[in-house]
Every structure is written in C-alpha cells, then in structure tokens.
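Thanks for coming. I will walk through one structure today, taking the sheets, a helix, the cores and a few single residues in turn.

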Amino acid sequence: MTSARGDEPVMTGVVDGAPAFDPSGAFDEHRPPDAALVGDCVHCGFCLPTCPTYVLWGEEMDSPRGRIYLMGAGLEGEPLSESMVGHFDACLGCMACVTACPSGVQYDRLIETTRAQVERRFQRPLPERLVRTAIFATFPYPKRLKLLRGPLRLYQRSGLQSLVRRSGLLDRLPGPLGAMEALAPPLGRGADHRPLPEFVEARGQRRATVGLLTGCVQGAFFPGVNAATARVLAMEGCDVVIPRDQGCCGALSVHNGREAEAKAFARRAIEVFEDASVDHVVVNAAGCGSSMKEYGELFADEPGMVARATALAGKVRDITEVLMELGPVAERHPLPMTVAYHDACHLAHAQGVRAQPRELLAAIPGVELREIADPELCCGSAGVYNLLNPEAARPLGDRKADTILATGADILVTANPGCLMQVSAAFDRRGDAMSMAHTVEVLDASLRGRGVGSLVNTAD
C-alpha cells in the first residue's frame with residue numbers, strides 16, 4: 001500500500017468487515033479511529049461530489065473514502081507517514097460527506113480521532129509547528145484576541161492596509177501570514193464594542209432563562225452579533241445570562257486534534273454554564289455549537305466527567321433553534337430586501353440546522369430568500385483551515401463568492417464568523433462587494449424597526 005495522492009491502499013487484515021488493529025502502525029491505543037466505523041464505509045462514492053478537496057483536485061486520497069482507506073491501513077500497521085498526514089490535514093472537516101453518505105458512516109468521529117493521533121504521534125516541520133503554535137496561542141483566548149483590535153483598527157483606518165495591499169507585499173509573505181491579513185475583518189467603533197452586561201432581563205413575560213456563549217473570534221471581532229443575540233433573546237422573552245468568566249468552548253482545539261487542550265477549555269465551559277443554572281446555552285457560531293453538542297463524546301473516556309458533559313451538551317442550542325422552539329412574540333417590522341442564505345457547514349452538516357434560520361428569515365415581512373448553488377460545498381473557512389491551508393481555501397472561497405453573487409441578492413446572511421471573513425476576503429480579491437450579516441443581526445434589525453439601511457450598504 002502507498003499513501004501518495006491518487007493511490008488506493010489495499011486493506012488486507014480485515015476482521016468482521018473492519019480492519020484489525022495493529023499497535024505497531026500509525027496509531028496508538030488511546031482512542032484510535034474506530035475499526036468498526038472504518039468498516040462501515042462501502043466505498044460507494046456518494047461523498048465525492050460533496051467533498052471540497054476532491055472537487056478541487058480529483059484525487060482519491062483527498063476524498064472521505066480515500067482518507068478512510070488510509071485510516072484502515074494505519075490500523076493494520078501502515079506507519080504514519082508525511083504523505084498520510086498530508087491527506088488528513090487537507091480535510092476541511094466540513095462534514096458534507098456525513099450528510100451525503102447513504103451508509104451513515106461517522107466520518108466526523110473518524111477524522112477527529114485521527115487528528116488527535118496525528119498531533120500526538122507526528123512531528124511536523126519546524127515552520128509549520130511555529131505557525132500552529134502562534135495560532136493556538138492566540139485564537140482560543142478572547143482576551144488576547146481583543147488586544148489585537150486596537151492595532152488592527154489603526155492599521156485599517158490609517159491607510160496602511162491599502163498601501164500594503166497595493167504594494168504586492170502580501171504575495172511575498174508566507175501563506176499563513178498573508179491569509180491572516182486578508183481575512184482580518186474591518187473594525188469600526190460603536191456601542192456594540194462595549195462589554196455586554198452579565199444579565200439582560202426579558203422584555204414582557206419571561207419564557208426561558210438562557211446562557212449566552214460569547215465565543216472567541218465572535219466576541220473579539222464581531223461583538224455586534226453577540227449584542228444582537230442578547231437583544232433578540234430578551235425581546236422574545238428570555239432572561240439572558242452572560243457569564244463574565246467564560247472562555248473558549250474548545251471547538252478550534254478539538255477540530256484540530258488538540259485533545260488535552262480541548263478538554264481543558266470544555267471543562268471550564270461546563271463549569272461556568274453549570275453555575276449559571278440556565279435552561280439552554282445559546283450559541284451563535286456554528287463551529288462552537290457543534291463541538292459543545294458533542295461534549296459527551298469528548299469526555300467519553302472520563303467517567304467522572306461524561307455525565308456532566310452530556311448534560312451540558314443537551315442544553316446547547318443554536319440561536320435559531322431556540323427562537324423556533326419558543327415561537328415569535330415580538331413584532332417583526334418589514335425589511336424589503338433579497339437575502340442569499342449561506343449554510344455554515346457546522347450548522348447544516350454537523351448540527352442538522354437548516355430549516356430554522358430560513359424559516360426565521362422568511363417570516364420577516366419583505367424578506368425574499370434566494371438559495372445559493374452547490375450549498376453543500378464548504379467556503380474554505382473551516383475554523384483555522386484557511387490559515388493553515390490557504391492554497392486550498394482560496395479557490396473554495398472564490399467559488400463560493402461566485403455562487404453567492406450569482407443570486408443577485410442584496411445581502412449575504414450566514415451563521416458563522418469564519419464564513420463571513422472567508423467570503424469577504426474572496427470578494428476583496430475580485431474587487432466585488434456585498435453587504436453581509438449574521439442571521440440574528442437581520443432579526444434584530446427587524447424587531448427594532450431599524451430598516452434595510454442598517455444592514456445593506458447602499459455604496460456596495
């Protein structure tokens with residue numbers, strides 16, 4: 001068997017339809033890819049047209065079934081080679097294949113356990129280790145991210161950003177550094193940058209008490225989304241508890257195989273929201289919600305934590321799920337505009353939340369929804385994938401921008417900060433512009449009667 005792109009491994013040591021585990025191979029005995037789940041894949045190919053990297057390159061080993069072949073080979077004794085790791089790293093973790101698979105293969109479980117093995121057992125080249133260290137020393141820490149806002153705002157407002165981009169300097173920077181600059185969201189000033197209070201009282205009759213996860217990137221660079229979330233929940237009859245000492249939920253770490261780090265973040269989140277004594281934990285970032293709903297799986301090997309993790313996971317809801325479960329009570333004011341709704345992968349594929357945001361948007365008077373072609377294909381954001389793999393992420397972002405612009409909509413609406421940054425960067429590269437908003441920001445504008453002008457930039 002060889003793991004070069006385009007070559008399929010031949011699986012020989014099969015027991016009851018699953019590869020036999022060989023501890024001398026790629027994986028150790030701590031939560032290796034489940035051989036039974038590997039054996040569930042019948043290699044039918046339904047996943048292929050939904051896999052972003054297969055669509056880009058047409059290589060078997062860069063498809064879900066190809067990566068499952070490699071996992072099986074690793075279980076049988078194949079060493080964890082640089083080539084094998086490259087194929088695992090190339091996966092965006094978008095989970096479109098999980099939705100497409102007629103056999104119910106749990107690729108999400110397989111890729112997460114495989115990545116944890118890679119992080120423990122494979123030493124990357126020094127430059128790559130340095131980039132990853134910098135990313136994971138910054139992005140999961142809200143306070144550190146917020147420290148970047150001042151310098152970033154100065155860089156953008158001083159004209160230096162425009163000068164740097166015109167100079168072509170970014171093209172000469174290492175890929176991750178250029179990607180970071182291109183993805184940085186525009187920062188303005190305003191009331192929504194002030195810290196949220198720890199408690200927002202329900203308007204009218206209280207219907208529920210919810211906790212709000214403020215997130216890392218969301219809280220630092222899109223605080224207006226959190227402010228809108230708290231307002232909408234309050235207007236719909238929720239007391240909103242916003243714990244001041246909350247931190248990262250662990251999503252970025254778990255999606256990149258950093259198991260111990262992910263558990264530390266998740267354990268803290270569980271403690272914080274247990275103390276809050278809320279009916280639901282509301283999340284407005286797709287990747288965070290998908291990880292928090294799987295806390296029970298993350299702590300499956302810790303008897304002292306698994307019950308608490310599972311209980312907290314059962315309370316986690318996307319903001320659109322909560323609003324649909326409660327039903328509307330606040331008046332919707334008209335917003336006459338056309339909306340292209342983009343399915344964030346970890347909302348649609350990982351959480352199965354597709355109908356709720358569309359129904360909430362369609363219920364606003366004047367809103368016309370327009371669907372985007374090839375909605376199952378990821379935009380290339382995928383957490384920090386667009387920083388670690390900018391060469392693959394860039395064409396995916398460009399493809400998504402093309403399909404969005406083809407709708408002719410006034411505004412792009414989605415439910416994930418990474419998607420907003422990724423698509424915005426794609427628009428910038430092509431010299432196009434389009435107004436963008438989070439789903440809850442559109443609802444907030446309607447409930448407060450702020451009008452289309454608060455969302456759609458007429459200069460676009």
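Before anything else, a word I will use throughout: contact means heavy atoms within 4.5 Å. Please also keep in mind that this is a predicted model.

With that cut-off, take Val442. Setting aside its neighbours within four places in sequence, Val442 is in contact with Leu335, Met337, Leu361, Ile364, Val413, Ala437 and Leu455. Val442 belongs to the largest nonpolar core, which has 79 residues. The residues with the most contacts inside that core are Leu233, Val442 and Leu455. Apart from this core lies another one, of 27 residues, and Cys41, Met61, Met71 and Val105 are among them.

Now the sheets. An open sheet of four strands has the order E9-E8-E10-E11, and its pairing is parallel. E11 and strand E9, residues 367-370, stand at the edges with a single partner strand each, so one side of each is left without a neighbour in the sheet. From one strand to the next, the twist averages 35°.

Some detail on the pairs. Strand E8, residues 337-341, pairs with E9 in the parallel sense over four bridges. Within that pairing, the bridge partner of Val339 is Leu369 in E9. Strand E10, residues 411-414, and strand E11, residues 435-438, also pair in the parallel sense, over four bridges. Here Thr414 has His438 in E11 as its bridge partner. How does the chain get from E10 to E11, and what is the handedness of the crossover? The chain goes through helix H24, residues 417-430, and this β-α-β crossover is right-handed.

As a general reminder, strands of a sheet pair through backbone hydrogen bonds, either parallel or antiparallel.

The other sheet to show is an open one of five strands, in the order E3-E5-E4-E6-E7, with mixed pairing. Strand E3, at 199-200, and strand E7, at 316-318, are the edges; each has a single partner strand, so one side of each is left without a neighbour in the sheet. Further in, strand E4, residues 208-212, and strand E5, residues 238-241, run parallel and are joined by four bridges. Val210 stands opposite Val240 in E5.

Which helix lies across this sheet? Helix H13, residues 223-235, lies across E3, E4, E5 and strand E6, the last at 280-283, and runs at about 145° to E5. Is H13 mostly covered or mostly open? Mostly covered: 13 of its 13 residues are buried. On length, at 1.5 Å a residue the 13 residues of H13 should span 18 Å, and the end C-alpha atoms are 19 Å apart, which agrees. After H13 comes Gly237, whose phi is positive, near 90°.

Back to the edge strand E7, where Arg317 has its place. Not counting residues up to four places away in sequence, Arg317 touches His280, Val281, Val282, Val283, Lys293, Val322 and Glu325. The C-alpha atoms of Arg317 and Ile242 are separated by 15 Å, with the two positions 75 residues apart along the chain.

Last, a loop residue. Asn256 is found between helix H14, at 251-255, and helix H15, at 259-276. Is Asn256 buried or exposed? The cut-off for buried is under 20% relative accessible area, so at 14% Asn256 counts as buried. Leaving aside neighbours within four places in sequence, Asn256 is in contact with Arg115, Glu119, Arg132, Phe136, Val384 and Leu388.

That is what I have; questions are welcome.

Terms used
Residues are numbered from 1 along each chain as its sequence is written. This is a predicted model: local features need pLDDT of at least 70, side-chain atom pairs count only at pLDDT 80 or more; totals for chains, interfaces and linings use all residues. Side-chain values use heavy atoms; hydrogens and water are left out. Two strands pair if DSSP finds at least two bridges between them. Helices (H or I, at least four residues) and strands (E, at least two) are DSSP runs, numbered from the N terminus. Axes are lines fitted to C-alpha atoms, for helices over the stretch in contact, and angles run from 0 to 180 degrees between N-to-C directions. A nonpolar core is a set of buried Ala, Val, Leu, Ile, Met, Phe, Trp, Tyr and Cys residues joined through side-chain atoms within 4.5 Å. Buried means under 20% relative accessible area, exposed over 50%, partly exposed in between (1.4 Å probe, protein chains only). A crossover is right-handed if, with the strands pointing away from the viewer, the path from the first strand over the helix to the second runs clockwise. The expected span of a helix is 1.5 Å times one less than its number of residues.
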